[in-house]
Amino acid sequence: MEKYNWSLEKIYKNVDEARAEIKLCDEFIEKIVKEEKSVKNLKNIMELSEKASRLVEKLYTYSYMKRDEDSRVPEAQKLALEVTSLGSRFGSATAFFDPFLMSLSDEELENFYKEGDNEKYRIHFENILRFKPHTLSADEEKLLANCSEMERTGQNSFYMLSYADMDYGNIESKGGEKLTPANFNTFLLDENEEVRKEAFDKMYKTVSNFKNTYATTLYSAIKNLTTLAKVKHYPSARYMELFQDCVPETVYDSLIESIEEYLPSLHKYYGLRKKALKKDKQYMWDVSINLEKEFDQKYPYEKARELITEGLKPLGEDYIEVLNRGFDDRWVDVYPREGKAGGAYSWGSFDTDPYILMNYTDTLDSMFTLAHEFGHSMHSYYSKSDNDYLYAQYKIFVAEVASTFNELTLLDYLLKNVKNKNEKIYILNYYINMFIGTVFRQTMFAEFEKNTHLEVEAGNALTADDFTRIMSELNDKYYGENVEKSELASYLWARIPHFYTNFYVYKYATSFCAASFLSSRVVKGDKEALKSYRNFLKDGCRHQPIEQLRAAGIDMEDKNSINKALDVFKGLVDELEKELEA
């Protein structure tokens, strides 16, 4: 049914319309190239660049989402490639801009701001100019740009080895089904322990057989990043990566410190699981299975819409009005089908709706994924509604706050409206595992990144044994005494793709903590908290992420802010204990 497919025809009626705008965009790009690079033409350059940039983003949105509708359609594949090429032409045409802006004197810029409405560019330019101490000469930057493909060698090698070349075998206890990285977690949820153990052993034994290749790949990626940081005059690779979002390193360190203080609650949860599952020994392959087997609720899409709409009412009537418009105006492509891209995402541009790709399957997880993606889309909607194009795109550091806020607000509603003990245990356990997967596990990975980079920056070369030692120590620290130690699990470092995206994982944990604290205030009816949060959604990128969250009500530089969020986790574990013992 059409109502369950997204309305991409609102962007372009057909591929021919899209190609006409590719041609128009190329005309803008040609004008940018020909424009004299001087302060007197700076306004013209900015206006042309915005016109071209908006078209590129709109075309990317349409072409790649058309491809994701059905990857088997050659015309959609071709259009996506054409738009990618357009993006490269635009990038090449505007590569001059940052060095050019940095060459202008303070006096020239101040005079520029005084003309007409040019003051609106100040924040945008200041965000570029803060990188001036770390920007090299034009020739040196060009050399680094030409070497950028080599910087991704480690990540590309990891991808091909893990997802293309590696054969993980078949799970004989599950009828010979093939094991892959994509379905590994599904096997770990199987009620049959033999299936879980076989999947766990085969995954990690396969990875361990290639430990030296993985180690060389990861070490080279870390070494490349630390070298780049030195070349660009940053004190460390971590400082360089956090500088992109204007986040001080104290935020990263405070997260690790706070998590360490709350590990006893995590260990207590694993103890509760062990007791509830009636196990003498609990192994790594046991920590994901469901505690409540009597609850088997289905959540059809229309029911999920009803629950999400009810659950998010604390955000205000106008928020719910826009949310319902998103459902009715077909922002969402709902169900899986042959040829459709997997997973879920929220994507759009300044000149389109904030669309959502789903592969909805009537599960609790699907419902929360829908709420999560709507969080992103609503954030995008308010950001672009309240800001000019230059300031409409919020930063990655806060991207997961709004999405997680929606999930946690919905969880609060479900917990307040449970019908029986089985449902309550199921939802409590779901909530706790969200905390573990997004906060504790990602912080463990963040700590691994910190420790490995410190060793490399101290001049040490790292081998497979070194990576395995560091991960083994972290496994022991985070899992505690209620989960049996596993030598194979120490090879976890070799199968985590995020270790090649450079100090990214901590953002999942900080976003979840921020969302947990902010949501807990809003669901209690705190009107000032709601007002502050709604202003956060509207800020776009006018302020730096840390400032945005501080204005919303949580100071991420204050360790106590993280602790307040972790108090929620502690309370959930205590509540689960009461339910299990009742």
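The lining of the largest cavity divides into six nonpolar residues, three polar and one charged. This cavity belongs to a predicted model. Its volume is about 70 Å³. The structure holds one cavity of 30 Å³ or more.

**The cavity**

- Ten names make up its wall: Leu218, Ala221, Ile222, Leu225, Phe448, Glu449, Thr452, His453, Phe499 and Asn502 line the largest cavity.
- Two elements, H12 and helix H20 (421-457), give two or more residues each to this lining.
- Two domains also share in the lining of the largest cavity: domain 2 (139-228) and domain 3 (234-285 + 396-581) each provide at least three residues.

**The second largest pocket**

- The second largest pocket contains about 1,400 Å³ of space.
- Its lining has 32 residues.
- Asp98, Glu141, Ala145, Lys232 and Gln244 are the lining residues nearest the centre of this pocket.
- In the lining of the second largest pocket, 15 residues are nonpolar, ten are polar and seven are charged.
- Several helices supply at least two lining residues each, including helix H3 (74-94), helix H4 (97-103), helix H9 (153-165) and helix H13 (237-243).
- Helix H7 (138-146) and helix H12 (211-231) are also among them.
- H7 gives the largest share of this pocket's lining, with five residues.

**Aromatic rings**

- There are 56 aromatic pairs in the structure.
- One of them joins Tyr319 and Tyr382, whose rings are stacked, with 6.1 Å centre to centre and 20 degrees between the planes.
- This pair counts as stacked because planes under 30 degrees apart fall in that class.
- The pair links distant parts of the chain, as Tyr319 lies in helix H17 (residues 317-328) and Tyr382 in helix H18 (residues 364-385), 63 residues apart.
- Tyr319 and Tyr382 are both buried.
- Ring pairs also tie Tyr319 and Tyr382 into a cluster with Tyr4, Tyr301, Phe327, Trp331, Tyr335, Tyr360, Phe374 and Tyr381.

**Charges over rings**

- Lys37 places its charged end over the ring of Phe96, 4.9 Å from the ring's centre.
- Arg238 lies over the face of Tyr252, and here the distance to the ring centre is 4.7 Å.

Terms used: Residues are numbered from 1 along each chain as its sequence is written. This is a predicted model: local features need pLDDT of at least 70, side-chain atom pairs count only at pLDDT 80 or more; totals for chains, interfaces and linings use all residues. Side-chain values use heavy atoms; hydrogens and water are left out. Rings of Phe, Tyr and Trp (its six-membered ring) pair if their centres lie within 6.5 Å; planes under 30 degrees apart count as stacked, over 60 as edge-to-face and the rest as tilted. Helices (H or I, at least four residues) and strands (E, at least two) are DSSP runs, numbered from the N terminus. Buried means under 20% relative accessible area, exposed over 50%, partly exposed in between (1.4 Å probe, protein chains only). A charge sits over a ring if NZ of Lys or CZ of Arg is within 6 Å of the ring centre and within 35 degrees of the ring normal. On a 1 Å grid over the protein atoms alone, a cavity is a set of points where a 1.4 Å probe fits but cannot get out, and a pocket is an open set with protein on both sides within 12 Å along at least five of seven lines; lining residues have an atom within 4 Å of a point. Grid points are joined across faces, edges and corners, and a volume is the space filled by probe spheres set on the points. Ala, Val, Leu, Ile, Met, Phe, Trp, Tyr, Cys and Pro count as nonpolar, Asp, Glu, Lys and Arg as charged, and the others, Gly among them, as polar. Domain bounds come from an automatic or database domain assignment.
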